Amino acid sequence: MRFKKMIAGLAFGVSVLAANAASAVEIEYWQYVFDSRVKAMDQLIQKFQAANPGITVKHTTFPYAEYQTKVAATVSAGQGPDVVQLFYGWVDGFIAGKLIQPLPKDAFPHDKIEAEFFPIVTAMKRNGEYYGLPTAVRSLALFYNKKAFQAAGLDPNKPPQTIEEFVAAAEKTVKRDGSGNIVSEGFAMDMAGQDHQWWREVLVRQNGGVPYTDNDRKVAYNNEAGLKALQFYVDLQNKQKVGQLGFMDEAQAAFKGGLAAMTIDGTFRLGAFNAIKSFEWGVAELPAANGVRSNYASYFANAITGKAQGEKLDAAKKFLAYVSSPEAMEIWLKAVGELPARRSAALTQENLSNPIYGPFLKGLEYAHTTLFVDEAAQRQVAIDMVNRVLIQKQDPKESLAEAAKAEQAIIDRAAK
Amino acid sequence: MTTAPLSAHGARRGFPVRPGRIITWTLLFLGGLVMVTPILFMLSTSLKDASQVYDLRLIPEAPSLDNYVTVLSDGRFLRWFINSLIVAVCVTLSNVFFDSLVGYTLAKFNFRGRYLVFIAILSTLMIPTEMLVIPWYLMASNFGWIDTYWGIMFPGMMTAFGTFLMKQFFETVPDEFLEAARVDGLNEFTIWWRVAMPLVTPALSALAIFTFLGNWTAFFWPLIVTNSRDLYTLPVGLSSFAVEQAIQWEMIMTGASLATIPTLIVFLLLQRYIVRGVMLAGLKG
Amino acid sequence: MVTASPAKSSRLWDGMSLRQKRVLWAWSFLAVPILFYSVIRFWPTLEAFWLSFTDWNLLRPASFVGLANYIRLVNDPLFWQVFRNTAAYLVIGTPLSLLISFAVAYYLDRVTFMHGFIRALYFLPFLTTAAAMAWVWRWFYQPVPIGVINGFLSSIGIPQQPFLRSVTQALPAILAPAVWAGLGFQVIIFMAGLRAIPSSYYEAARIDGLSEFTILRKITIPLLKPTIVFLVVFSSIGFLRIFDQVYNMTFNDPGGPLNTTKPIVLMIYQTAFKSMEMGYAAAQTVVLFLILLVVSLIQLRVLKDR
């Protein structure tokens, strides 16, 4: 059985390695994998450790797809992170599972939070306690390829402001081959990307509706407004033929490859698009329609898990305070492109006049935040709704009704 | 395809060249080329730069190893490669040891309960791993095995398939050999290890090849049990890499090539043993 | 290996008969494996059954809910869709891959010129990693201008196909790499089976003047029965448990479009590790277990008897 011992020894060795031999307080921080976020956090940790020599922070990351489950499983087994990043929409589940603890009021006084952060942080407040604070918030904007605009005879410094201008620009910039196949999109359609947010919080509202009522617990888009919004979206592929779901696999890939003139995406994409060398691009506010502007804002917050106690709790408090400080927000803005969560750090003259951050910051002022119960499942409902129309040629009205029913069922199940 | 002459055995002896045979050969050859086309495209694209990816020619205009340099330079691939190697080698050694020990015991010892043990082990063949994944996950998180090598390896340390295979082979080992060793005063462990094991080396190599390949390409369980990127195995790492690369096909193809090339090299070196191993496992399994 | 501690036990050992000693050896050889199979296979199996009767969701402790998960499953249209998909993977994949691999093996067996090389061409895909090749195939299926297959179709004047973006083509498109990767293995096994048939059978048949097709039907295939049974069961189980290809080829819309490619293992994965509904997922795994059991038993019965 020497072999078995060897294995056990190996397993032991690995865990010792992983546990690190540092004598100082070590806390663990978890977030999901997104290259620029990981690098930014590494930078923050380095600065934090330099300022707090007695504390080391272990930074662990996972793919987004498994993130929530991994956190739930490890924290409920009494392991895992001391400080954890979570999507604002997960907070109810995390509190119900006692995965996270309220932020201590001594270190994070409520009046200060409410005075200094954007109001959307209240989505982290439950029963008079804050359960987390964001470093950055994100909103959507229209990215456009200046080179493609110029080639189509459009002014590369005048991006579309209204939905009519947007459609016109898409029609001018789309390119097709002899058999009518799109070889370069006017607008990159991607329901699995950010288009579902655009549809839900922007297009529905611009057509005179609201996506939900009752604190986002009742689906309200199964009406004329929802139908118009859906019709507009599917017409981009069916009628105007300016885009095609699945083209280049993902909208961001099409835009990055220079094969889409416009795409709607979030602040978090700036890092990736900054790497584009073959053309210049610009950012504009999401197009207005019927005189209405809207946007979708969201954020990941950092929270302290139930596991952190004693000296680890003290270290976690210090770390959380640091990653929500104006200094950290500035570093995050530069590295990731996500907007600072504190007004003072965000709404500087410099940021507002920045041609890239400006449109996102403006969007933040009129943005809505969907209170998801299960973001992945609700997104899937929107993806399927559009697919039914585009692939199965279902009547949009029926598809919309089916989606509303499915989403309501998801919300009701979660509320139980 | 119709006029090809009769049996294999006839064909292998004679060497008459007939039109039917040429057609057969050509069709088989073309089919074979179609089979490797995906692999060739993958390799070819990994040698192209981003601007040539849309150029669908098989032979790159200006082949370069830049993508490999980029992918390998951040060190993660090497790490995943080593992780996969550690996991696959350890699990293979464990299977070679335990499966053959159990197979031998069931084949060559007479004791009450033998049949029961055999049936019990064999019955686990009917239990799909997917069914065990949730309890394993629970077990791993309770014992702190999540995100460790041991966590990736423990479910596969022994398999019923390997045990059954080895039992079949040990049954063909003549008892006289073992008796002779017993008369010489060797203990039972030594008899198994020194006398019986060398007699079934082809079976052992078949078992080793299968176990290794199965663990080298395993995806489902490592995906579930690993957390940090440092512990990913190659397939899981590659999948996450592909997503992170935000659909840059030349990079994804480079990653996929890196996952494939080592097994191709090993195959080219050991082709004969691998094919024989597969045949043995198929016939006896 | 045995607890051969000092004096007392050693005397006990000496007092045993040869037969008793051997029995003791046998059990000591089996000790660790029995522990392993009990803890890593049987106990989890029982646990999976137990969990399927609970509402455990990782966050709350499990409580017994009787048959609620099974009732929900039967009433879940997604489950029936997934059930049909899984069946489609099986009933298309198994016969298709067996037919192709048999044809290849049958003819390749007679080829001597570059035999090893051609065999290697068919065998190579078997050595690839499904998760890696899924991405390669996913790329092949892209629309123009980047997709290889559509690029080829357009160049010869055939309209481009939606492949992974279609509710009818996506499942076969995902099945293709699974069949492709398994062919080499099946070809080798078939060739081993063909070679195990004594040549005297063929010689006798030839003397009797039987046509080649008759020989194939009356001699080759009946004598290949064990090989065929093995391959049918083996590849059926593989197709019923398909996951790697689907997961990687439909990453952004898992099992899509519109769940038309979702196999049961992906549903289990999503229920368990995304929605965290472990109890419900456990019920799905029990159903998968029953499906595998029934399919294997039917196949063994049908193929053995005939």
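Here is a conversation between a student and a tutor about a predicted model with chains A, B and C.

Student: Let's start with burial. Why is A:Asn215 called exposed or buried?

Tutor: Count the neighbours: A:Asn215 has 7 C-beta neighbours inside 10 Å. A residue is exposed if that count is 12 or fewer, so A:Asn215 counts as exposed.

Student: And what makes B:Asp147 buried or exposed?

Tutor: The count for B:Asp147 is 24 C-beta neighbours inside 10 Å. The cut-off for buried is 20 or more, and therefore B:Asp147 counts as buried.

Student: What makes the backbone of A:Asn215 worth a look?

Tutor: Its phi is positive, about 55°, although A:Asn215 is not a glycine. Most residues other than glycine have a negative phi. You will find A:Asn215 in the loop between strand 11 (212-213) and strand 12 (218-219) of chain A.

Student: What is the phi of B:Asp147, and where is that residue?

Tutor: Phi of B:Asp147 is near 65°, again a positive value in a residue other than glycine. B:Asp147 sits in the loop between helix 6 (129-143) and helix 7 (149-153) of chain B.

Student: On to peptide bonds. Which bond joins C:Val144 and C:Pro145, and what is its omega?

Tutor: That one is a cis peptide bond, with omega about 5°. Most peptide bonds are trans. C:Pro145 belongs to the loop between helix 6 (130-140) and helix 7 (148-155) of chain C. Chain C also has a cis peptide bond between C:Gly256 and C:Pro257, where omega is about 0°. For C:Pro257, look in the loop between helix 12 (244-249) and helix 13 (264-273) of chain C.

Student: How do you know that strand 1 and strand 2 of chain A pair?

Tutor: By their bridges: strand 1 (residues 25-32) and strand 2 (residues 55-62) of chain A are joined over eight bridges, in the parallel sense. Pairing needs at least two bridges, so these strands qualify. To see one bridge for yourself, find A:Gln31, whose partner in strand 2 of chain A is A:Thr61.

Student: What makes strand 1, helix 2 and strand 2 of chain A a unit, and of which hand?

Tutor: Strand 1, helix 2 (residues 35-51) and strand 2 of chain A make a β-α-β unit, and the unit is right-handed. The term applies because, with the strands pointing away from the viewer, the path from the first strand over the helix to the second runs clockwise.

Student: Which strands of the five-stranded open sheet in chain A are called edge strands, and why?

Tutor: The order in that open sheet is 9-10-13-8-14, with mixed pairing. Its edge strands are strand 9 (175-176) and strand 14 (281-284) of chain A, as each pairs on one side only. Helix 16 (residues 357-365) of chain A packs on the sheet and touches strand 8 and strand 14 of chain A. The direction of helix 16 makes about 150° with that of strand 8 of chain A.

Student: How do you know that strand 8 and strand 13 of chain A pair?

Tutor: Strand 8 (residues 140-145) and strand 13 (residues 260-266) of chain A run antiparallel and share five bridges. With at least two required, they therefore count as paired. Opposite A:Phe143 stands A:Thr263 in strand 13 of chain A.

Student: How many residues of chain B and chain C are in contact?

Tutor: Here 75 residues of chain B are in contact with 77 residues of chain C. Helix 14 (residues 249-284) of chain B gives the largest share of chain B's side, 15 residues. By class, that side divides into 58 nonpolar, 14 polar and three charged residues.

Student: And how many residues take part where chain C meets chain A?

Tutor: That contact takes 23 residues from chain C and 30 residues from chain A. Chain C's side divides into 13 nonpolar, six polar and four charged residues.

Student: Last one: how many residues of the two domains of chain A are in contact?

Tutor: The domain assignment gives domain 1 (16-138 + 298-358) and domain 2 (140-296 + 373-415) of chain A. Their C-alpha centres lie 30 Å apart. Twelve residues of domain 1 of chain A are in contact with nine residues of domain 2 of chain A.

How values were computed:
Residues numbered from 1 in each chain as written. Chains lettered and ligands numbered in written order. Predicted model: local features only at pLDDT ≥ 70, side-chain atom pairs only at ≥ 80, totals over all residues. Helix = DSSP H or I, 4+ residues; strand = E, 2+ residues; numbered from the N terminus. Contact = placed C-beta atoms within 7 Å. Nonpolar A, V, L, I, M, F, W, Y, C, P; charged D, E, K, R; others polar. Axes fitted to C-alpha atoms, helices over the stretch in contact; angles between N-to-C directions. Domains from an automatic or database assignment.
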